[in-house]
Amino acid sequence: MAPQESSSSESAATPAVAAVVVLAAGQGTRMRSSTPKVLHTLGGRSLLGHVLAAAAPLSAGTTVVVVGAGRDQVEAHLGEIAPGALAVVQEQQLGSGHAAEVALTAVPDLDGSVLVVNGDSPLLTTRTLTALVAAHDAAGSVFTVLTAEVDDPTGLGRIVRDGSGAPQAIVEERDATAEQRAIREVNAGVYVADAATLRRVLAGVGTANSQGEQYLTDALAPLVGEGAPTAAVRADDPDDVLGCNDRRELAERRRTLNDRVLDDLMRAGVTVIDPQTTWVDVTATAGPDAVLQPGTQLLGSTTVASGAVVGPDSTLVDCTVEAGATVLRSHCLGAVIGPEATVGPFSYLRPGTRLARGSKVGGFVETKNVEVGEGSKIPHLSYVGDATIGRGSNIGAATVFVNYDGVAKHRTTVGDHARIGSDTMLVAPVTIGDGAYTAAGSVITSDVPPGAMGVARGPQRNVAGWVRRRRPGTPAAEAAAAAEQRADAPGDLGVHDDDEGQLTR
Ligand code: UD1
Ligand code: CA
């Protein structure tokens, strides 16, 4: 199961906070992107989406997202992923402390604890946030910061503790002394605070730092000075707190997240042949004894049932793969692949494709908006769109379901146990009855009744001696002459026209 889901199942035991505030107004200059940083994606969600998913089980109701840079895009995205969240605009990005202040101003009646989270920490888990809130409550703290011991603290705020280990201050790297820079315990950018206390202390936080910004991190020291109870709590897994400021970090976070998802899958009984080249979104799942071959991507809401085999080199977006099905070197979007069905190699399944039990879609076949009945086969080189195909039917190689007349789409119905000859054009709307056949190479424009053979093609004509006359001296002419000399050629039969022969071929 994906980690987000397993962590949200802990929600029953989760201590609640009165509100969650996500800081997402920054431009994210270091991304060098026209897309706001928090909208960059990994593992099937935006950075912001991951933070909101991790925090969702803790919120008693109010979720505030501070937006600014690219706010139209961020607000539109929020409307999709968290319509209940309140977007609050920070007109000018004057710092993380200012952003938190703007958020609290938007919910003036809020009291109790508030969880404030940077919008660019996609590896945060509900478990870590829950532990932080529990520690805050247990300590009777008014301001608690999440921290981590990291090997390389470059660029991060350092946690300064006194001799007894009590937190004293958070110092940004660019404002830190050499001694402080040596500290490897860093600020995760996640805080739990008493809302009223935070409001009060932020009002007094100035901008006397190297960036001239109002830092949220500067809320700690004055509270310590007052003798208020504060805490700094280390995360169990230092990966949880890693932020994402540029594309390289984004790639690293994506890899870590993917490793976590694959670890969960493998623990649950999924075989992952090559974790390095297998990518599974946090929203996708696979069941026990499913096999993911190298180069597999399970994206979006994809589910792969027990015993199904996907890959190598297959991408599934929002697909359902049922038990025992096989998908080999294929690209599938919004498809339902029934039990024991086989897909590929080199199939392209588009949305609305539903393959019933034991059906087959083979090499170089594209399908869209089609129901394929139990045991039916589309083995080779076909386009099948807007159709219903019954049970036990066979669609011959290079068949095209001609579904579009340039203005509208039309449906084709193929009954049970029908046989569509190779290279048939089925010009929709058209119905092929149960047990009906079509002759290879036919252009079928009207219905074929049950049990009938639909033939719609020109009769064959053989022009005897044509090669000898029109292509003299070619290897073909020489081969023909040799065959005639051996007297095993049909000779000068003229036009060959045998309807019954064509129908049975
Ligand atoms: C911040 C912390 C740092 C911590 C690090 C963890 C501050 C001053 N520093 O640094 O101690 O180690 O996170 O990753 O907070 N934002 C706004 N409005 C603003 C400025 C920022 O909404 O005016 C948001 C950003 O969108 C971002 C978050 O606040 O989500 C943090 O800002 P960012 O610039 O990324 O801070 P860091 O330098 O990473
Ligand atoms: Ca950051």
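Surface patches are here made of residues with over 30% relative accessible area and no salt bridge, with nonpolar side chains joined within 5 Å. In this predicted model, one nonpolar patch on the surface is formed by Phe346, Phe364 and Leu381, which together offer about 340 Å² of accessible area. Phe346 sits in the loop that links β24 (342-343) with β25 (348-349). Its relative accessible area is 45%, so Phe346 counts as partly exposed.

A patch of another kind, positive in charge, brings together Arg468, Arg469, Arg470 and Arg471. Of these, Arg471 is found in the loop between α10 (466-470) and α11 (475-485). Arg471 is partly exposed, as its relative accessible area is 43%.

Attention now turns to the helices, beginning with α3. This helix spans residues 71-81, and Val74, His77 and Leu78 are buried in it. These residues cover an arc of only 105° around the axis, and therefore lie on the same side of α3. What does the face of α3 turned away from its buried side carry? There, the exposed residues Asp72 and Glu80 are found.

Helix α5 (residues 126-139) contains Ala134. With a relative accessibility of 36%, Ala134 is classed as partly exposed, because that class takes in values between the 20% limit for buried and the 50% limit for exposed residues. Between Ala134 and Tyr383 there are 57 Å in space, taken from C-alpha to C-alpha, and the two are 249 residues apart in sequence.

Methods:
Residues numbered from 1 in each chain as written. Chains lettered and ligands numbered in written order. Predicted model: local features only at pLDDT ≥ 70, side-chain atom pairs only at ≥ 80, totals over all residues. Heavy atoms only, no water. Patch = residues over 30% accessible without salt bridge, like charges linked within 9 Å, V, L, I, M, F, W, Y side chains within 5 Å. Areas by Shrake-Rupley, 256 points an atom, 1.4 Å probe, with all protein chains shown as cover. Salt bridge = Lys/Arg side-chain N within 4 Å of Asp/Glu carboxyl O. Lys, Arg positive; Asp, Glu negative; His and termini not counted. Charge placed at Lys NZ, Arg CZ, Asp CG, Glu CD. Helix = DSSP H or I, 4+ residues; strand = E, 2+ residues; numbered from the N terminus. Buried < 20%, exposed > 50% of the residue type's maximum accessible area, 1.4 Å probe, protein only. Arc of directions from axis to C-beta.
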